[in-house]
Amino acid sequence: FKQKTAYEIYQCDWSSDVCSSDLDGLRRDQFGGTVGGPIVANKLFYFVGYQGTRVDVTPATFFQFVPTAQMLAGDFSAITSPACNAGRTIALRAPFDASNRISPALFSQAAINVAKRLPQTSDPCGRVDFSRKNHNFENLAIGRVDYSMNAKHTMFVRYQLARYVAQPDNDPNNALAYSFSPIEDNVHSIAVGDTYLISANAVSSFRMGINNIDIQKPWVKQFDATDVGIKNIANLMPGFMRVTVTGGFTLGNAGASSSSTPTKSFQLSEDLSLIRGNHQLGYGGSYIRQSVDGSSYINTTGPWTFSGTTTGMGLADFLIGRPASFQQGMRYFLKDRNTYAGLYVQDAWTVSPRLTLNLGLRWEPFIPFTEENGQFSHFDMNQWNAGVRSTTYKNAPMGVIFSGDPGMPGKAAGKRDLAEFAPRLSAAWDINGDGKMTVRSAWGRFYDLPHLWMYLGFALAPPLGSTLLITGPS
């Protein structure tokens with residue numbers, strides 16, 4: 001391949017050097033630069049960098065199937081013919097007659113109102129082709145200042161900004177094109193460091209970090225259930241409706257729903273290194289506090305599902321207003337908090353010129369995650385067998401307890417455990433003493449913590465995250 005322009009790709013036959021062109025629908029521009037230098041000679045220095053990225057993409061054509069003018073007139077003979085069904089004929093069930101026709105008077109007015117908002121097609125099978133154009137940009141900026149107070153003491157401050165914005169693939173002329181909501185991401189990160197040479201054999205290193213992440217996904221308003229005449233519907237996302245028709249079309253994808261995920265973290269660490277004879281001793285600790293306040297409307301928006309259970313064809317079920325199911329839930333939300341703390345001591349011991357041992361011990365107490373809304377729940381088989389029911393939610397199934405019930409650790413996901421120690425041991429042996437062959441071995445015990453988002457499932461669970469599924473609604 002030879003790239004001639006940002007838009008045009010040439011496919012070539014190298015033996016004859018003959019090329020044919022085709023538009024790839026992709027343009028990506030990236031630019032930026034860095035600059036740095038002294039502010040005060042030998043004392044104060046700065047560094048600044050920036051990178052920007054702009055992407056425009058028009059992916060390959062998508063297609064779906066919508067009601068045709070013939071179908072809206074009550075004639076399904078074309079859509080059920082072998083030409084539209086891989087060589088087989090579909091016989092629709094009642095209320096369609098033997099010729100796959102029906103009186104339009106039997107159609108659902110809500111379905112007709114939805115169909116009016118879909119793109120029209122002249123294809124007898126109802127196929128419509130369209131594209132989803134995506135445009136996004138990213139800005140990354142970083143700045144750092146280093147200060148040498150004296151020969152023993154240095155400091156730095158670093159700030160980083162990351163901003164990502166993606167436009168929705170919404171097309172005002174085609175409701176089917178809307179697949180992804182707009183995205184607005186902003187990340188602010190600050191790091192502060194202080195290094196102090198206490199003596200020729202002792203160094204102190206202090207670090208502090210702050211991260212503030214705000215991820216927002218608003219939604220584009222099109223139309224909702226009340227706009228097409230469906231009554232008694234809770235519209236928690238006004239102007240948004242989800243409909244899935246098997247073998248037909250999808251309206252309002254889950255990826256186009258709204259959500260918000262602000263996340264914050266604060267971190268401190270101190271490391272002290274000492275040299276005493278043939279021992280290099282290390283002491284230190286760290287503290288991290290994290291939080292996430294997330295919410296999503298993904299379960300509030302339906303969807304209505306038409307699978308052909310009534311007539312044998314999804315589009316036919318859609319027009320007569322007979323969905324197989326309707327599902328709707330509450331907006332889920334979570335306020336997760338987590339605290340981490342750890343202390344360590346280690347010794348790099350040069351036993352001999354050919355043997356070095358590294359001994360260490362880390363204390364990492366388990367401080368459980370907490371959820372400020374008290375959404376954590378727990379199932380215990382023994383409580384099930386004993387017939388124990390929740391006192392907080394008295395209609396909950398047996399064996400399931402919640403925050404506020406006896407046996408639950410308040411709003412935490414588990415019980416605190418302070419006796420968490422992690423020893424480490426390693427050795428390096430220079431076999432011949434010439435540095436050409438070294439044998440190394442190590443053993444250690446380590447702890448890990450799950451990310452905050454891994455507790456999202458609790459926010460989706462009843463009662464605060466309840467979802468209702470109705471089979472065969474009107």
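The questions and answers below follow some of the paired strands in this structure.

The model is predicted, so local features need pLDDT of at least 70 and side-chain atom pairs count only at pLDDT 80 or more, while totals for chains, interfaces and linings use all residues. Residues are numbered from 1 along each chain as its sequence is written, and side-chain values use heavy atoms, with hydrogens and water left out.

Reader: Which strands are the edge strands of the open sheet?

Author: Strands here are DSSP runs of E with at least two residues, numbered from the N terminus, and two of them pair if DSSP finds at least two bridges between them. Five strands form an open sheet with mixed pairing, in the order 13-12-16-17-25. Pairing on one side only marks the edge strands, which are strand 13 (250-251) and strand 25 (467-471).

Reader: Which residue in strand 16 stands opposite Val243?

Author: Strand 12 (residues 243-245) pairs with strand 16 (residues 304-306) in the parallel sense, over three bridges. Val243 stands opposite a residue of strand 16, namely Trp304.

Reader: How many bridges join strand 15 to strand 18?

Author: Strand 15 (residues 279-296) and strand 18 (residues 332-352) run antiparallel, and Tyr283 stands opposite Val345 in strand 18. The number of bridges that join these two strands is 18.

Reader: What is the bridge partner of Val345 in strand 19?

Author: A hairpin through two residues joins strand 18 to strand 19. Strand 19 (residues 355-363) pairs with strand 18 in the antiparallel sense over nine bridges. In strand 19, Val345 has as its bridge partner Leu361.

Methods: Helix = DSSP H or I, 4+ residues; strand = E, 2+ residues; numbered from the N terminus.
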